[in-house]
Amino acid sequence: MRTEAQTSMHLLMVSTLSILSVLLGLITLTMSWELWTVPMMVAGCLVVWWLHIGRVGSEMLYENICTGLLMMEFFFFGVHESSLFDIPLVACIVLLLLSLLNRKRLLYLAVALYVFQMLYHLLLLGTIGPGMRNGDVLRMAMGASAVMGSLVVARYRINRRRRERARYDTMQEQLATAVRQNADFLSNVSHELRTPVNMVIGISEVALGKDISPEIREDIRSIKLAGKRLSGQINNILDYTEIVEGTLAAAKEPYRITSVLNDVITMTALQNGSDKLEMVFDIDPKLPSLLRGDADKITHILRILLENSLKFTEEGGINLWIGFRRETYGINLVIDIYDTGIGMTSGQLEQIVDDFYQADSGSRRYVGGLGLGIPIARGLLRSMGGFVHFESAEQQGLQVHIAIPQEVEDETPCIQVPEASQLCIACFFKPERYSRDEVRRYYDRMILHLVEGLGIEGYQAHNFEGLLKLQRDHKLTHVFIAQREYMANPPYYEELAETIPVAVIAERDFVLDEGSRLLVLRKPFFALSIVNLISGGGPGNGFEEAQAAGRRPFTCKGVRVLAVDDEEMNLMVAKGVLGSYGIQVDTCLSGKEAVDKCAGAAYDVIFLDHMMPGFDGVETLRRIREINNGAYQDLPVVALTANTISGAREMFRNEGFNEFIPKPIECSVLERVLRRILPEHCMQYELLPGAQEASMEMDTAGDSSADGKKPEADSVRTPASRKSVQEAGASVQEAPPTYGSLVRAGINVGIGLEYCGEDDGFYLEMLQMFHDQRAEKEAELNALYEAANWTDYGIKAHALKSTALTIGAEALSARAKELEMAGKKADEAFIRENHPALLQMYADVCDSIAGL
């Protein structure tokens with residue numbers, strides 16, 4: 001790819017070469033020189049113009065052809081008797097042109113050709129000799145001086161250009177180094193901030209569990225909320241540093257766009273806590289149901305952009321539309337976001353691409369944030385080959401347009417209803433009640449897309465008389481009304497609900513009278529809840545149930561798995577968590593033992609640690625696949641790893657694993673993996689209380705947490721699941737213990753409890769095991785440290801990293817990760833400098849556990 005500067009230089013070269021060719025052709029015709037050279041010069045010019053315009057061939061090929069033609073024309077011109085005194089002029093032009101290139105050898109070649117022509121005139125043509133006039137000799141001397149001067153100037157230009165290029169490259173390297181150092185600094189600061197922030201959140205959680213006054217409880221909730229907000233900013237910094245360092249990689253996994261939309265709706269509904277804004281979520285029903293891409297990055301992008309709209313929109317509403325455009329590789333996923341916020345000026349739109357930029361960055365700005373949201377969204381889009389475009393006018397809202405290339409796994413439309421042609425729906429909303437006209441357009445557009453996309457007969461009424469007319473003229477099957485419209489005439493709608501389903505689009509705190517026949521659809525208003533209702537859902541099948549569809553609790557009784565890890569504590573966690581789903585779990589502590597177990601028993605799934613001494617995960621997997629002539633070739637094998645780098649899933653799949661789960665095991669991630677790898681008949685689902693099956697499939701096949709990052713929404717679990725954890729080995733506590741000593745030591749108790757299924761007994765057992773293993777683990781680390789066996793030292797540090805995170809000791813886990821990386825690189829200086837600090841942190845954590 002030629003740069004703009006190269007293209008300009010090449011245009012100058014081909015233009016000058018063409019002019020010289022025309023002049024030389026005219027001279028040849030006038031002086032009756034060799035006329036056969038004229039067609040050759042014309043052909044040469046046509047070739048270089050074709051190469052330039054079509055950008056055919058490499059830069060070097062183009063420059064060599066131009067230089068060759070220039071030299072041949074220079075030689076042809078100089079070997080004629082009549083051109084003796086004009087040779088220096090042409091030589092200076094040639095040197096000037098060649099100075100555009102950074103190749104000194106070509107300058108010397110041109111000068112050598114000039115000297116050859118002078119010798120040719122002296123020795124063969126005889127035009128240079130003793131009989132020359134003094135004036136002619138002086139002209140020749142001046143010509144030679146001009147050629148030498150041109151050579152010096154050309155060399156100077158090339159040298160100066162090379163020096164500037166070297167200085168530019170140095171500045172680029174320095175800038176890249178500064179960016180990396182800045183990213184490292186931000187990453188280190190973020191990791192250091194995690195401990196005190198987690199302490200604030202942890203102490204708040206402990207305090208909220210005590211008997212305190214309502215006023216103090218509200219204050220503590222505010223402290224906890226502030227801590228979580230700061231934790232979110234820290235996560236943004238870590239995402240930003242990953243983008244800056246270029247380590248971001250997009251996954252390519254099957255996912256359902258309806259799952260992504262559900263997660264986004266859940267997040268937005270929670271943030272729009274006061275229901276002050278109208279939220280309209282629109283989707284093209286014909287969008288393919290199963291796509292291949294990175295669902296988590298798309299969800300993250302939408303979360304960032306919707307948060308931005310929520311920040312700057314005080315009245316009116318926000319509209320999200322998801323559509324698609326067919327392409328040869330699949331589709332372009334097209335996402336548009338509109339809001340009625342304060343908008344941006346043209347100057348602000350130009351600056352929005354800058355990192356850390358905020359539209360209201362003055363001293364009186366009224367929203368928070370670090371200004372990293374848009375850069376993170378752009379970085380995530382770049383990693384997927386997509387782009388984002390912003391349009392706005394001040395005080396007229398912001399429009400965001402996104403396009404993301406996606407492959408298609410299943411062409412089936414994402415939203416379908418049975419017997420759509422027999423349905424006839426009416427929607428009654430009074431447009432004048434909206435503070436902004438744009439909100440009415442959002443709703444109208446969503447209803448139009450839904451009706452046209454599904455092939456349903458649908459009508460809108462903007463007043464009560466219009467609704468009555470629709471009821472007289474059409475055989476309505478469903479009626480949807482806004483909450484205020486219902487409150488204006490409840491008896492009419494109650495009577496209407498005796499014959500056809502009537503649904504109220506209501507705020508979250510709205511409650512119907514006891515015995516009411518109406519259905520309630522909770523805001524935000526979106527197509528999936530409507531389709532869910534008209535496909536056969538009953539009362540109460542509103543927003544909350546729609547969010548839970550496809551995430552119901554399940555068990556896997558009759559499934560037998562093998563968990564392989566060199567850490568006993570990790571095996572205990574795996575056994576407890578897997579056991580909560582009714583799974584029979586066998587365990588072993590090494591890859592060799594795993595191979596032996598597989599040779600003598602049949603398993604449905606194997607969970608295999610990636611980093612182990614002796615046989616590592618890859619070697620163990622290879623040997624398992626070879627058992628009994630490939631009897632385990634199709635057996636699902638899931639990698640367990642604490643290395644949740646970007647692109648981890650693709651890396652493990654390339655090594656032969658079917659899936660991967662980051663350690664410590666999170667229930668939400670485990671559930672998604674189990675849904676992917678187990679046959680449907682192995683899973684027994686439990687119905688949520690009061691919820692019915694939706695006819696529209698809301699599977700979460702692609703709703704995964706890419707690269708091991710923690711999802712936004714927790715998976716749905718039941719008390720029965722927690723009971724199973726207790727039966728798997730955890731002792732039951734009569735009352736939850738207090739974890740003050742752990743919180744004061746910087747341990748994130750909330751994370752530890754989450755990894756242990758929210759079971760205090762199981763968590764205490766993990767703490768006890770972590771404490772009891774300290775002497776053994778320290779001895780192993782010290783032995784490897786003394787022997788300078790950095791490879792195995794890194795493996796042991798890797799194990800400590802995951803077990804520490806299991807109990808919530810994030811700072812210890814982070815320090816162990818640093819030493820693990822140093823062990824992989826054999827960075828002896830770093831290990832020797834930080835090994836004592838690791839042991840001290842280990843001791844402090846164990847002492848805090850002993851304080852319980």
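1. pLDDT is the predictor's confidence in each residue, on a scale from 0 to 100. The model is predicted, and over residues 537–552 its pLDDT stays under 50. For that stretch the model nevertheless has 45 contacts beyond four places in sequence, a contact being heavy atoms within 4.5 Å.

2. A second stretch, residues 359–369, also has pLDDT under 50 throughout. Here the model has 19 contacts beyond four places in sequence. Where pLDDT is low, the predicted coordinates should not be read in detail. For the chain, the mean pLDDT is 79, with 84% of residues at 70 or more.

3. One open sheet has five strands in the order β9-β8-β10-β11-β12, paired in parallel. Its edges are β9 (457–461) and β12 (519–522), each of which pairs on one side only. Direction ignored, neighbouring strands of this sheet are turned by 20° against each other on average.

4. Within that sheet, β10 (residues 478–482) and β11 (residues 502–506) pair in the parallel sense through four bridges. Ile-481 stands opposite Val-504 of β11. Helix α16 (residues 527–534) packs on the sheet and touches β10, β11 and β12; the direction of α16 makes about 145° with that of β10. Helix α13 (residues 464–473) lies across β8 (424–428), β9 and β10, and runs at about 150° to β9.

5. Another open sheet of five strands has the order β16-β15-β17-β18-β19, with parallel pairing. Why is one side of β16 and of β19 left without a neighbour in the sheet? Both β16 (584–588) and β19 (659–662) stand at the edges with a single partner strand each, so one side of each has no neighbour there. The average turn between neighbouring strands of this sheet is 20°, direction ignored.

6. The pairing of β15 (residues 560–564) with β16 is parallel and runs over five bridges. Val-564 has Cys-588 of β16 as its bridge partner. Helix α18 (residues 568–579) packs on this sheet, in touch with β15, β16 and β17 (605–609). The direction of α18 makes about 170° with that of β16.

7. Which residues form the nonpolar patch on the surface? The patch consists of Ile-19, Val-22, Leu-23, Leu-26, Leu-29 and Leu-35, which together have about 580 Å² of accessible area. One of these residues, Leu-29, lies in helix α1 (residues 4–31).

Technical notes:
Residues numbered from 1 in each chain as written. Predicted model: local features only at pLDDT ≥ 70, side-chain atom pairs only at ≥ 80, totals over all residues. Heavy atoms only, no water. Patch = residues over 30% accessible without salt bridge, like charges linked within 9 Å, V, L, I, M, F, W, Y side chains within 5 Å. Areas by Shrake-Rupley, 256 points an atom, 1.4 Å probe, with all protein chains shown as cover. Salt bridge = Lys/Arg side-chain N within 4 Å of Asp/Glu carboxyl O. Helix = DSSP H or I, 4+ residues; strand = E, 2+ residues; numbered from the N terminus. Pairing = 2+ DSSP bridges. Axes fitted to C-alpha atoms, helices over the stretch in contact; angles between N-to-C directions.
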